[in-house]
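I opened this model to look up its fold, its cores and a few buried positions. My notes follow in the order I took them.

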Amino acid sequence: QLLNEFTLLALEYSDFVFSNIQSISGNKIALIEHLYMLKEKYADVIIWNKGKGQPAMARKVLNSAFEYIYVFSNEATRAIGKKDFRGTIPNIFELNSNKGKEFAKIHKATFRVELPEMFIDWFVESSVYEPFNGTGTTLIACEKRNKKGFGMELDPVYVDVTIQRWEGLTGESAIHIETGKTYTEMKVEQS
(Lines give C-alpha, C1' and ligand atoms only; values in the text may rest on other atoms or scores of the structure.)
Protein backbone atom coordinates (compact mmCIF):
# COMPACT_ATOMS: atom_id res chain seq x y z
CA GLN A 1 0.00 0.00 0.00
CA LEU A 2 2.82 2.43 0.87
CA LEU A 3 4.52 1.86 -2.49
CA ASN A 4 1.23 2.47 -4.32
CA GLU A 5 0.59 5.71 -2.45
CA PHE A 6 4.17 6.83 -2.97
CA THR A 7 4.05 6.15 -6.72
CA LEU A 8 0.78 8.05 -7.11
CA LEU A 9 2.15 10.98 -5.11
CA ALA A 10 5.35 11.01 -7.17
CA LEU A 11 3.26 11.13 -10.36
CA GLU A 12 1.63 14.33 -9.11
CA TYR A 13 5.04 16.01 -9.42
CA SER A 14 6.89 13.89 -11.97
CA ASP A 15 6.18 12.82 -15.51
CA PHE A 16 7.53 9.31 -14.97
CA VAL A 17 8.36 6.96 -12.13
CA PHE A 18 11.00 4.30 -12.72
CA SER A 19 10.85 1.64 -10.03
CA ASN A 20 13.36 -1.20 -9.94
CA ILE A 21 11.98 -4.15 -8.03
CA GLN A 22 13.51 -7.58 -7.78
CA SER A 23 10.98 -10.38 -7.60
CA ILE A 24 11.95 -12.36 -4.53
CA SER A 25 9.98 -14.73 -2.34
CA GLY A 26 9.01 -12.12 0.23
CA ASN A 27 7.50 -9.63 -2.20
CA LYS A 28 5.91 -11.59 -5.06
CA ILE A 29 2.28 -11.12 -4.00
CA ALA A 30 2.89 -7.49 -3.01
CA LEU A 31 4.52 -6.86 -6.40
CA ILE A 32 1.58 -8.35 -8.30
CA GLU A 33 -0.86 -6.31 -6.20
CA HIS A 34 1.22 -3.16 -6.75
CA LEU A 35 1.12 -3.61 -10.52
CA TYR A 36 -2.62 -4.36 -10.45
CA MET A 37 -3.41 -1.30 -8.30
CA LEU A 38 -1.44 0.93 -10.68
CA LYS A 39 -2.60 -0.67 -13.93
CA GLU A 40 -4.00 2.68 -15.14
CA LYS A 41 -0.54 4.26 -14.68
CA TYR A 42 1.53 1.37 -16.04
CA ALA A 43 3.57 2.46 -19.07
CA ASP A 44 6.13 -0.28 -19.67
CA VAL A 45 8.74 -2.55 -18.15
CA ILE A 46 12.47 -2.61 -18.73
CA ILE A 47 14.55 -5.63 -17.80
CA TRP A 48 17.99 -5.12 -16.30
CA ASN A 49 20.07 -8.20 -17.07
CA LYS A 50 22.69 -8.12 -14.34
CA GLY A 51 24.89 -10.73 -15.97
CA LYS A 52 25.92 -13.31 -13.44
CA GLY A 53 23.33 -13.39 -10.68
CA GLN A 54 24.05 -13.74 -7.02
CA PRO A 55 23.98 -17.41 -5.99
CA ALA A 56 20.75 -18.31 -4.25
CA MET A 57 21.38 -19.60 -0.75
CA ALA A 58 18.08 -21.48 -0.45
CA ARG A 59 17.61 -24.90 -1.99
CA LYS A 60 15.68 -25.11 -5.28
CA VAL A 61 15.74 -21.32 -5.76
CA LEU A 62 16.96 -19.76 -9.00
CA ASN A 63 19.79 -17.22 -8.97
CA SER A 64 18.55 -13.65 -9.41
CA ALA A 65 20.22 -12.44 -12.60
CA PHE A 66 17.77 -9.65 -13.53
CA GLU A 67 15.51 -6.97 -12.10
CA TYR A 68 12.37 -5.44 -13.46
CA ILE A 69 12.31 -1.68 -13.84
CA TYR A 70 8.66 -0.69 -14.02
CA VAL A 71 7.74 2.58 -15.67
CA PHE A 72 4.63 4.46 -14.58
CA SER A 73 3.20 7.67 -16.03
CA ASN A 74 -0.03 9.62 -15.98
CA GLU A 75 -0.52 8.97 -19.70
CA ALA A 76 0.27 5.25 -19.28
CA THR A 77 1.44 4.95 -22.88
CA ARG A 78 4.60 3.20 -23.96
CA ALA A 79 6.14 6.59 -24.84
CA ILE A 80 8.75 7.06 -22.12
CA GLY A 81 10.88 10.01 -21.14
CA LYS A 82 11.25 13.58 -22.33
CA LYS A 83 13.89 12.97 -25.01
CA ASP A 84 12.93 11.95 -28.51
CA PHE A 85 14.10 8.55 -29.73
CA ARG A 86 12.86 5.93 -32.13
CA GLY A 87 14.00 2.32 -32.21
CA THR A 88 17.32 2.98 -30.48
CA ILE A 89 16.69 1.98 -26.85
CA PRO A 90 16.08 -1.67 -25.97
CA ASN A 91 13.70 -2.82 -23.25
CA ILE A 92 16.34 -5.28 -22.05
CA PHE A 93 19.82 -4.05 -21.23
CA GLU A 94 22.84 -5.68 -19.66
CA LEU A 95 24.93 -4.11 -16.95
CA ASN A 96 26.93 -6.29 -14.59
CA SER A 97 25.75 -5.49 -11.10
CA ASN A 98 28.79 -6.92 -9.36
CA LYS A 99 31.41 -4.49 -10.66
CA GLY A 100 31.98 -0.92 -9.51
CA LYS A 101 29.75 -1.03 -6.43
CA GLU A 102 32.17 0.60 -4.04
CA PHE A 103 29.52 1.22 -1.36
CA ALA A 104 28.00 -2.28 -1.26
CA LYS A 105 29.50 -2.90 2.20
CA ILE A 106 27.61 0.13 3.56
CA HIS A 107 24.27 -0.40 1.79
CA LYS A 108 22.98 -3.72 0.43
CA ALA A 109 20.89 -2.26 -2.42
CA THR A 110 23.59 -0.33 -4.25
CA PHE A 111 24.02 -0.22 -8.00
CA ARG A 112 26.67 1.07 -10.32
CA VAL A 113 26.57 4.76 -11.29
CA GLU A 114 26.29 3.67 -14.92
CA LEU A 115 22.70 2.50 -14.27
CA PRO A 116 21.21 5.93 -13.51
CA GLU A 117 23.58 7.51 -16.07
CA MET A 118 22.00 5.34 -18.78
CA PHE A 119 18.48 6.33 -17.74
CA ILE A 120 19.45 10.00 -17.57
CA ASP A 121 21.03 9.80 -21.03
CA TRP A 122 18.02 8.00 -22.47
CA PHE A 123 15.09 9.78 -20.86
CA VAL A 124 15.88 12.96 -18.85
CA GLU A 125 15.94 16.55 -20.05
CA SER A 126 16.32 18.48 -16.80
CA SER A 127 15.91 16.81 -13.40
CA VAL A 128 15.67 13.57 -11.43
CA TYR A 129 14.07 12.88 -8.05
CA GLU A 130 15.47 9.95 -6.03
CA PRO A 131 13.20 9.26 -3.03
CA PHE A 132 15.39 6.46 -1.67
CA ASN A 133 18.77 8.12 -2.05
CA GLY A 134 20.86 5.54 -0.20
CA THR A 135 24.55 6.26 -0.82
CA GLY A 136 23.78 8.87 -3.48
CA THR A 137 24.52 7.00 -6.69
CA THR A 138 21.65 8.62 -8.62
CA LEU A 139 22.65 12.11 -7.46
CA ILE A 140 26.26 11.43 -8.47
CA ALA A 141 25.00 10.38 -11.92
CA CYS A 142 22.99 13.63 -12.15
CA GLU A 143 26.08 15.66 -11.30
CA LYS A 144 28.15 13.79 -13.88
CA ARG A 145 25.45 14.33 -16.53
CA ASN A 146 24.86 18.00 -15.60
CA LYS A 147 21.24 17.45 -14.51
CA LYS A 148 19.49 18.67 -11.40
CA GLY A 149 19.21 15.91 -8.84
CA PHE A 150 16.86 15.90 -5.87
CA GLY A 151 17.17 13.17 -3.27
CA MET A 152 15.67 12.16 0.04
CA GLU A 153 17.28 9.89 2.61
CA LEU A 154 16.36 9.25 6.23
CA ASP A 155 19.51 7.47 7.41
CA PRO A 156 22.16 10.03 8.46
CA VAL A 157 24.99 7.58 7.65
CA TYR A 158 23.86 7.44 4.00
CA VAL A 159 23.39 11.21 3.93
CA ASP A 160 27.00 11.62 5.06
CA VAL A 161 28.21 9.17 2.39
CA THR A 162 26.24 11.03 -0.30
CA ILE A 163 27.65 14.41 0.71
CA GLN A 164 31.20 13.07 0.87
CA ARG A 165 30.81 11.48 -2.58
CA TRP A 166 29.43 14.72 -4.04
CA GLU A 167 32.19 16.84 -2.49
CA GLY A 168 34.83 14.36 -3.72
CA LEU A 169 33.43 14.46 -7.24
CA THR A 170 32.94 18.22 -7.53
CA GLY A 171 35.69 19.57 -5.28
CA GLU A 172 33.04 21.88 -3.80
CA SER A 173 31.70 22.14 -0.25
CA ALA A 174 28.10 21.18 0.44
CA ILE A 175 26.24 24.07 2.09
CA HIS A 176 23.34 23.56 4.51
CA ILE A 177 20.45 25.63 3.18
CA GLU A 178 19.08 26.76 6.56
CA THR A 179 22.35 27.58 8.34
CA GLY A 180 24.64 28.49 5.45
CA LYS A 181 27.36 26.35 7.03
CA THR A 182 29.47 23.85 5.15
CA TYR A 183 29.09 20.14 5.74
CA THR A 184 32.55 20.09 7.37
CA GLU A 185 31.65 22.96 9.74
CA MET A 186 28.49 21.14 10.79
CA LYS A 187 30.34 17.84 11.39
CA VAL A 188 32.89 19.65 13.59
CA GLU A 189 30.06 21.19 15.62
CA GLN A 190 28.38 17.81 16.04
CA SER A 191 31.54 16.13 17.40
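**Entry 1: helices and the open sheet**

I began with helix H2 (residues 28–37), which lies across S1, S2 and S3 and runs at about 25 degrees to S3. For my own use I noted that helices (H or I, at least four residues) and strands (E, at least two) are DSSP runs, numbered from the N terminus. Angles run from 0 to 180 degrees between N-to-C directions, with axes as lines fitted to C-alpha atoms, for helices over the stretch in contact.

The model is predicted: local features need pLDDT of at least 70, side-chain atom pairs count only at pLDDT 80 or more, and totals for chains, interfaces and linings use all residues. Residues are numbered from 1 along each chain as its sequence is written, and side-chain values use heavy atoms, with hydrogens and water left out.

I then looked up the strand order. Four strands form an open sheet, S1-S3-S2-S4, with mixed pairing; two strands pair if DSSP finds at least two bridges between them. Strand S1 (16–21) and strand S4 (92–94) are the edges, each pairing on one side only. From one strand to the next the twist averages 20 degrees.

S1 pairs with S3 in the antiparallel sense, over six bridges. Within that pairing, Tyr68 in S3 is the bridge partner of Ile21. Helix H1 (residues 2–13) also packs on the sheet, where it touches S1 and S3, and its direction makes about 150 degrees with that of S1.

**Entry 2: Ile21**

Is Ile21 buried or exposed? I found Ile21 in strand S1, and it counts as buried because its relative accessible area is 11%. The cut-offs are under 20% relative accessible area for buried, over 50% for exposed and partly exposed in between (1.4 Å probe, protein chains only).

I listed its contacts (heavy atoms within 4.5 Å). Leaving aside neighbours within four places in sequence, Ile21 is in contact with Leu3, Asn27, Leu31, His34, Glu67, Tyr68 and Tyr70. Ile21 and Tyr70 are 49 residues apart in sequence, while their C-alpha atoms are 7.7 Å apart in space.

**Entry 3: the cores**

I searched for nonpolar cores, meaning sets of buried Ala, Val, Leu, Ile, Met, Phe, Trp, Tyr and Cys residues joined through side-chain atoms within 4.5 Å. The largest has 15 residues, and Ile46, Trp48, Phe93, Leu115 and Phe119 have the most contacts inside it. At least two residues of this core come from each of strand S2 (42–54), strand S3 (64–73) and helix H3 (114–123). H3 gives the most, five residues. A second, separate core has nine residues, among them Ala10, Leu11, Tyr70 and Phe72.

What does Ile46 touch beyond its neighbours within four places in sequence? I read off Phe18, Glu67, Tyr68, Ile69, Val71, Asn91, Phe93, Phe119 and Phe123. In soluble globular proteins, nonpolar side chains tend to be buried together.

**Entry 4: S5, S6 and the crossover**

Next I took strand S5 (residues 127–130), where side chains alternate. Val128 and Glu130 point to one face and are buried; Ser127 and Tyr129 point to the other and are not. S5 pairs with strand S6 (residues 148–151) in the parallel sense over four bridges, and Ser127 stands opposite Lys148 in S6.

Between these strands the chain crosses from S5 through helix H4 (residues 137–144) to S6, a right-handed β-α-β crossover. Right-handed here means that, with the strands pointing away from the viewer, the path from the first strand over the helix to the second runs clockwise.

**Entry 5: two threonines**

Thr137 lies in helix H4 and is buried, with a relative accessible area of 7%. Apart from neighbours within four places in sequence, Thr137 is in contact with Phe111, Arg112, Val113, Pro116 and Arg165.

Thr162 sits in helix H5 (residues 156–170). Thr162 is buried too, at a relative accessible area of 9%. With the same neighbours left aside, Thr162 is in contact with Asn133, Gly134, Thr135, Gly136 and Leu139.

**Entry 6: the whole chain**

I counted six helices and six strands in the chain. From the N terminus on, the elements run α-β-α-β-β-β-α-β-α-β-α-α. Buried residues make up 35% of the 191 residues. Of the contacts with a separation of 6 or more, 61% are between residues 24 or more positions apart.
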